[in-house]
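Thank you for asking me to look at this model. My remarks follow as numbered points, beginning with a single residue and then moving to the chain as a whole, its core and its polar contacts.

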Amino acid sequence: MGNLTAMAGAAKLGARAFGLIDTDGEVTSWGWELLEEVLGQTHPDTYLEELRDLQNSRGRFIEQRPEWDGFGETVARRYNGTEPVIEILQQSGPVTLPELVSRLAEDHWGIASQLFLKDTVADSPDGLTDDLLEDSKSYRGAGVCQFKGVLYHFGVVTMPGSSTDYLDPGAELWELEPHIDDWRGA
């Protein structure tokens with residue numbers, strides 16, 4: 001039962017981070033617009049069954065529902081960590097997790113530290129060392145697994161995130177899908 005409670009809490013935090021609900025847990029006007037769009041395309045039971053089929057699979061939401069490509073991109077853009085990550089990947093091409101976090105920390109320390117790094121890892125970008133960035137214990141699951149998973153399912157990056165239990169930071173590659181040419185211009 002504890003896992004179900006944690007999952008509900010994480011889902012609520014994610015929905016709030018993406019602007020789907022407000023701090024009181026109420027659906028925002030933007031969240032209602034998305035719900036109406038989704039529910040206008042399919043019956044809720046069909047949608048939930050499709051999501052169940054994707055659970056623990058390598059299947060992607062946009063492969064299951066290609067018509068949601070624009071919807072997924074819109075949702076992903078709502079999260080404040082998305083734009084800086086996309087910009088780094090556009091400028092540098094594929095990078096490992098330590099390279100991504102190091103570059104992100106240079107200009108967006110708050111995002112790098114809150115999204116990717118555990119609280120005790122470093123107080124500033126100057127505190128980041130190669131040893132810390134190569135240590136899997138330095139990373140939060142929220143950025144390494146969930147955030148990257150969202151970007152993967154919505155067709156932004158090429159590979160899903162890794163659980164921090166199995167993470168090899170130097171082998172964790174972040175790469176944009178080829179169609180993400182002009183993220184801001186879309």
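1. Does Asp131 count as buried or exposed? With a relative accessibility of 67%, Asp131 counts as exposed, because the cut-off for that class is over 50%. The residue has its place in helix H9, which covers residues 130-134. In sequence Asp131 and Pro98 are 33 residues apart, and their C-alpha atoms lie 9.7 Å from each other in space. I note here, before going further, that the model is predicted.

2. A second position, Ser102, may be read alongside the previous one. Ser102 sits in helix H7, and at 29% relative accessibility this serine counts as partly exposed. Its C-alpha atom is 7.9 Å from that of Leu133, although Ser102 and Leu133 are 31 residues apart in sequence.

3. On the chain as a whole, the secondary structure comes to 10 helices and 2 strands, and the order of these elements along the sequence is α-α-α-α-α-α-β-α-α-α-α-β. The protein chain has 186 residues, of which 38% count as buried. Among contacts with a separation of 6 or more, 55% are accounted for by residues 24 or more positions apart. The accessible surface of the chain comes to about 10,600 Å², and 50% of that area belongs to carbon and sulfur atoms.

4. The largest nonpolar core deserves a careful look. This core has 39 residues, and those with the most contacts inside it are Phe116, Tyr139 and Trp174. At least two residues of the core come from each of the helices H2 (29-41), H5 (69-77), H6 (82-92), H7 (97-107), H8 (109-116) and H10 (141-153). As general background, nonpolar side chains in soluble globular proteins tend to be buried together.

5. Which residues does Tyr139 contact, leaving aside its neighbours within four places in sequence? The list consists of Leu97, Pro98, Val101, Phe116, Leu117, Lys118, Leu133, Val144, Thr164, Leu167 and Pro169. Two names in it have appeared in the points above: Pro98, which was paired with Asp131 by C-alpha distance, and Leu133, which was paired with Ser102 in that way.

6. The aromatic residues can be taken together. The structure holds 4 aromatic pairs. In one of them, the ring centres of Phe116 and Trp174 are 5.6 Å apart and the planes stand at 70°, so the pair is edge-to-face. Since Phe116 belongs to helix H8 and Trp174 to strand S2 (residues 173-174), the pair ties together parts that are 58 residues apart in sequence. Both partners are covered: Phe116 counts as buried at 0% relative accessibility, and Trp174 is likewise buried with a relative accessible area of 0%. Phe116 and Trp174 also belong, with Tyr79 and Phe147, to one aromatic cluster.

7. Helix H8, which carries Phe116, is mostly covered, with 6 of its 8 residues buried. The buried residues of this helix are Trp109, Ile111, Ala112, Ser113, Leu115 and Phe116, and they pack against H6, H7, H10 and S2.

8. Where is Arg60 found, and is it buried or exposed? Arg60 lies in the loop between helix H3 (44-54) and helix H4 (61-64), and its relative accessible area of 7% means that this arginine is buried. Arg60 lies over the face of Tyr152, at 4.0 Å from the ring centre. A polar atom of the Arg60 side chain is also 2.8 Å from the backbone oxygen of Tyr152, and the side chain makes a further polar contact, at 2.8 Å, with the side chain of Glu177.

9. The partner residue, Glu177, is found in the segment after S2. At 16% relative accessibility Glu177 counts as buried, because the limit for that class is under 20%. Not counting residues up to four places away in sequence, Glu177 touches Arg60, Gly155, Val156, Val157 and Thr158. A reader who inspects this site could therefore begin from the 2.8 Å polar contact between the side chains of Glu177 and Arg60, and then turn to Tyr152, over whose face Arg60 lies.

Key: Residues numbered from 1 in each chain as written. Predicted model: local features only at pLDDT ≥ 70, side-chain atom pairs only at ≥ 80, totals over all residues. Heavy atoms only, no water. Core = buried A, V, L, I, M, F, W, Y, C linked by side-chain atoms within 4.5 Å. Buried < 20%, exposed > 50% of the residue type's maximum accessible area, 1.4 Å probe, protein only. Helix = DSSP H or I, 4+ residues; strand = E, 2+ residues; numbered from the N terminus. Contact = heavy atoms within 4.5 Å. Phe/Tyr/Trp six-rings, centres within 6.5 Å; stacked < 30°, edge-to-face > 60°. Lys NZ or Arg CZ within 6 Å of the ring centre and 35° of its normal. Polar contact = N/O pair within 3.5 Å; in protein donor to acceptor, adjacent residues only side chain to side chain. Areas by Shrake-Rupley, 256 points an atom, 1.4 Å probe, with all protein chains shown as cover.
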